[in-house]
Amino acid sequence: MALINTTFAEGRERNRALGIWGGSGAAGLVVGVLLGGILTSTLGWEAVFFVNVPLTGAALLLAFPLIEADGARDGARAFDLPGALTVSGAITLLVFALIQGPEIGWVSPWILGALAAGLLLLAAFTVIERRSSDPLIPPRLLANRALTLAVVIAFMFMATFGSLLYFLSIYFQDVRGYDALKTGMGFLLPTAGVVAGSALAGRAVTRFGLRRTLIGALVIGAAGAVALGLAMSPDSSYVSLTPGLVAVSIGDGVVFTTMFIAASTGVTHEEQGVASGIVSTGSGIGAVVGLAILVLVANAGTEGVLGEELQVATADGIKTAVFVVAGGIVATLLIALTLRRAP
């Protein structure tokens, strides 16, 4: 993202580039979900890790002719190692607590200790940043309203849209009885919607503005999540899920690209890497927090249930989780309304 933002000028050119970037990632997801199903069905689930080796090898080789050589470095800049260590430690411990809390127990000494240590490191990071002559996160970046809102929206995006893939996978396999290959094929339609939304988002921002595009996509996404939740049941057909899947996927693609356009707005070239890192961190934490909460919601009525009753309870739990996702998208919409209109 930082490479794109420093290569293309802010505005129409960068919006289009980020649209292509988002659409390419979503297109990769189309190939990935189908190929993942084939690999799992034929070679076993371990194959999904080995397939990354030739892909990253090809990307490494292509980097030499496609990316320009680095220019002269700014010798006056210093690397904020204490800040990097404290913030990395804080996020790692807090994420560990959120992931393992439901499994180990929220009052476990391990979870309480991780939460306490993570908060202490976060406090230490704040003190270090205030005293550093060259902080990891410059305070002026946090004063950028578009960037701070992009971080919040990225957090909410991964907690809502980003969690749907998990629940759809559970629904297809555990409720509808799809195998890995059929589940992969079931994701082709929604992923095509994400590709279309991501590819169109850059042009939509250029034509209609950042605020209008984001609000419109969130409205479509919320409506799609509600339609998807209403259609989910142990015996519902794939066709009945289609309207919700298409709407929520298009909203997903547009919001994904638009929030990264917002994150790069008004940021200097020298700070694009930091800005993209902040937004990526926010989205990663949002994925953990959102999934932890939604799994608790979805599993609330499945304890001690077996057989057909478990299938029904799982479907009901996923339906409830999807409605919670719809509520989260509406909350994100209210946050997006605070974005200032561009002149």
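This briefing walks through selected features of the structure above. The model is predicted. Its largest nonpolar core holds 59 residues. A nonpolar patch of about 410 Å² lies on the surface. By the rule applied here, the salt-bridge count comes to one.

**The largest nonpolar core**

- Five members of the core touch the most other members: Leu 218, Leu 228, Met 232, Leu 241 and Val 255.
- Helices that each supply at least two residues of this core include H2, H8 (145-175), H10 (188-208) and H11 (210-231).
- H12 (238-264), H13 (272-298) and H14 (307-336) also each supply at least two.
- H8 gives the most to this core, with 13 residues.
- Leu 241 touches Leu 228 and Met 232. Its contacts also include Tyr 171, Phe 172, Ala 231 and Ser 236. Residues up to four places away in sequence are not counted there.

**The nonpolar surface patch**

- Val 31, Leu 35, Ile 38, Leu 181 and Met 185 make the patch.
- Two helices each supply at least two of its residues: H2 (12-42) and H9 (180-186).
- H2 gives the most to the patch, with three residues.
- Met 185 has its place in helix H9. Met 185 counts as partly exposed because its relative accessibility is 48%, between the 20% and 50% cut-offs.

**Gly 186 and Thr 40**

- Gly 186 is in helix H9. With 6% relative accessibility, Gly 186 counts as buried.
- Gly 186 touches Phe 172 and Tyr 238, leaving out residues up to four places away in sequence.
- Gly 186 and Leu 168 are 18 residues apart along the chain. Their C-alpha atoms are separated by 9.2 Å.
- Thr 40 is in helix H2. At 32% relative accessibility, Thr 40 counts as partly exposed.
- Beyond its neighbours within four places in sequence, Thr 40 is in contact with Trp 45, Val 48 and Ala 180.
- Thr 40 and Ala 59 are 19 residues apart in sequence. In space they are 24 Å apart, C-alpha to C-alpha.

**Asp 80, a buried loop residue**

- Asp 80 lies in the loop between helix H4 (52-66) and helix H5 (81-104).
- Asp 80 is buried because its relative accessible area is 5%, under the 20% cut-off.
- Its side chain reaches two backbone nitrogens. One belongs to Gly 83, at 3.1 Å. Another belongs to Leu 136, at 3.0 Å.
- Asp 80 also touches Ile 128, Glu 129, Ser 132, Asp 134 and Pro 135, and Leu 136 is on the same contact list. Residues up to four places away in sequence are left out of that list.

**Asn 144, ahead of H8**

- Asn 144 lies in the loop between helix H7 (139-142) and H8.
- Asn 144 is buried, with a relative accessible area of 14%.
- The side chain of Asn 144 reaches the backbone nitrogen of Ala 146 at 3.0 Å.
- Asn 144 touches Thr 265, Gly 266 and Val 267, not counting residues up to four places away in sequence.

**The salt bridge**

- Arg 14 and Glu 10 meet through their side chains in a salt bridge, at 3.8 Å from N to O.
- Arg 14 counts as buried, at 3% relative accessibility. Glu 10 counts as partly exposed, at 46%.

**Leu 339, after the H14 helix**

- Leu 339 is found in the segment after H14.
- Leu 339 is buried, with a relative accessible area of 9%.
- Leu 339 touches Leu 149, Arg 211 and Leu 214, with residues up to four places away in sequence not counted.
- Leu 339 and Arg 207 are 132 residues apart in sequence. Their C-alpha atoms are 17 Å apart in space.

Technical notes: Residues numbered from 1 in each chain as written. Predicted model: local features only at pLDDT ≥ 70, side-chain atom pairs only at ≥ 80, totals over all residues. Heavy atoms only, no water. Patch = residues over 30% accessible without salt bridge, like charges linked within 9 Å, V, L, I, M, F, W, Y side chains within 5 Å. Areas by Shrake-Rupley, 256 points an atom, 1.4 Å probe, with all protein chains shown as cover. Salt bridge = Lys/Arg side-chain N within 4 Å of Asp/Glu carboxyl O. Helix = DSSP H or I, 4+ residues; strand = E, 2+ residues; numbered from the N terminus. Buried < 20%, exposed > 50% of the residue type's maximum accessible area, 1.4 Å probe, protein only. Polar contact = N/O pair within 3.5 Å; in protein donor to acceptor, adjacent residues only side chain to side chain. Contact = heavy atoms within 4.5 Å. Core = buried A, V, L, I, M, F, W, Y, C linked by side-chain atoms within 4.5 Å.
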